[in-house]
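Work through these exercises with the structure open. Try each task before you read its solution.

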Amino acid sequence: MPCRLAQGDMKSWGIACGLAACLLSPALAQTLPFRPSAASKDGVEGLVVNSTISASGMAFVTNFLDFWREKPDSDKYTIDIAESASKRLGNQVWVSFGQRRVFVSNLPIQHERIRLLSEQAAITTYEALKTLALPFGTVLDPDVADDEL
């Protein structure tokens, strides 16, 4: 016999499932969407995916987002921020666009240095993306119109 839940139970079940998803899959739970722009059709154009594993990594991402959101058109890019731990080198963080790493550095221990590194990472990433990424609406082939891309 199928299980039937009351309306109030469905809400509790949804909250419990959401919490379980956050605990079991932190990478999915930490996908951070940007503020939607007026030009966006589906509400989201770019994402920052947080794949960090430590408190220092999360501090880096939080500070990075503060500086990243100040950049014009930064919400049009989907980037990934990842971290790896090493006993020999310490925690290393990198920012990737597609399959290309555009910023790589070791994470400092001091919080103020993490903030400075985050600012440097946002600047470096933005400059790299301006040269790597083609602007929206760019025609690669003169025989192909904008609406055919």
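**Exercise 1. A helix and its cover**

Which residues of α4 are buried? Then check the length of the helix and find what covers its buried residues.

Solution. The model is a predicted one.
- Step 1: Apply the cut-off for buried, under 20% relative accessible area. In α4, I114, L117, S118, A121, A122, T125, Y126, A128 and L129 are buried.
- Step 2: Check the length. Helix α4 has 22 residues (111-132), so at 1.5 Å a residue it should span 32 Å. The C-alpha atoms at its ends are 31 Å apart, which agrees.
- Step 3: Look for the cover. It includes α3, β3 (79-84), β4 (92-97) and β5 (100-106).

**Exercise 2. Helix α3 and the core**

Check the span of α3, list its buried residues, and place F60 in the largest nonpolar core.

Solution.
- Step 1: The 14 residues of α3 (55-68) should span 20 Å at 1.5 Å a residue. Its end C-alpha atoms lie 19 Å apart, so the two values agree.
- Step 2: Buried in α3 are G57, A59, F60, V61, N63, F64, L65, F67 and W68.
- Step 3: The largest nonpolar core holds 23 residues. F60, F64, W68, I79, I81 and V95 have the most contacts inside it. Two or more residues come from each of α3, β3, β4, β5 and α4.
- Step 4: Beyond four places in sequence, F60 contacts I81, V93, V95, F103, L107, I114, L117, S118 and A121.

**Exercise 3. A buried acid**

Find what the side chain of E83 reaches.

Solution.
- Step 1: E83 sits in strand β3.
- Step 2: E83 is buried but has no salt bridge. R101, the nearest side chain of opposite charge, is 12 Å away. A salt bridge needs the nitrogen and oxygen within 4 Å.
- Step 3: Turn to polar partners. The E83 side chain reaches the backbone nitrogen of I53 at 2.8 Å. A polar contact of 2.6 Å also links it to the side chain of S54.
- Step 4: Beyond four places in sequence, the contacts of E83 include S51, T52, G57, N91, Q92 and W94.

**Exercise 4. The salt bridge**

How many salt bridges are there? Name the partners and judge their exposure.

Solution.
- Step 1: Side chains of opposite charge can pair when their charged atoms come close.
- Step 2: The count is one salt bridge. K130 pairs with E127, with the closest N and O atoms 3.7 Å apart.
- Step 3: Both K130 and E127 lie in α4, three residues apart, about one turn of the helix.
- Step 4: K130 has 45% relative accessibility, so it counts as partly exposed. E127, at 42%, also counts as partly exposed.

How values were computed. Residues are numbered from 1 along each chain as its sequence is written. This is a predicted model: local features need pLDDT of at least 70, side-chain atom pairs count only at pLDDT 80 or more; totals for chains, interfaces and linings use all residues. Side-chain values use heavy atoms; hydrogens and water are left out. Helices (H or I, at least four residues) and strands (E, at least two) are DSSP runs, numbered from the N terminus. The expected span of a helix is 1.5 Å times one less than its number of residues. Buried means under 20% relative accessible area, exposed over 50%, partly exposed in between (1.4 Å probe, protein chains only). Contact means heavy atoms within 4.5 Å. Lys and Arg count as positive and Asp and Glu as negative; His and the chain ends are not counted. A polar contact is a pair of N or O atoms within 3.5 Å; within protein, one must be able to donate a hydrogen and the other to accept it, and residues adjacent in sequence count only if both atoms are side-chain atoms. A nonpolar core is a set of buried Ala, Val, Leu, Ile, Met, Phe, Trp, Tyr and Cys residues joined through side-chain atoms within 4.5 Å.
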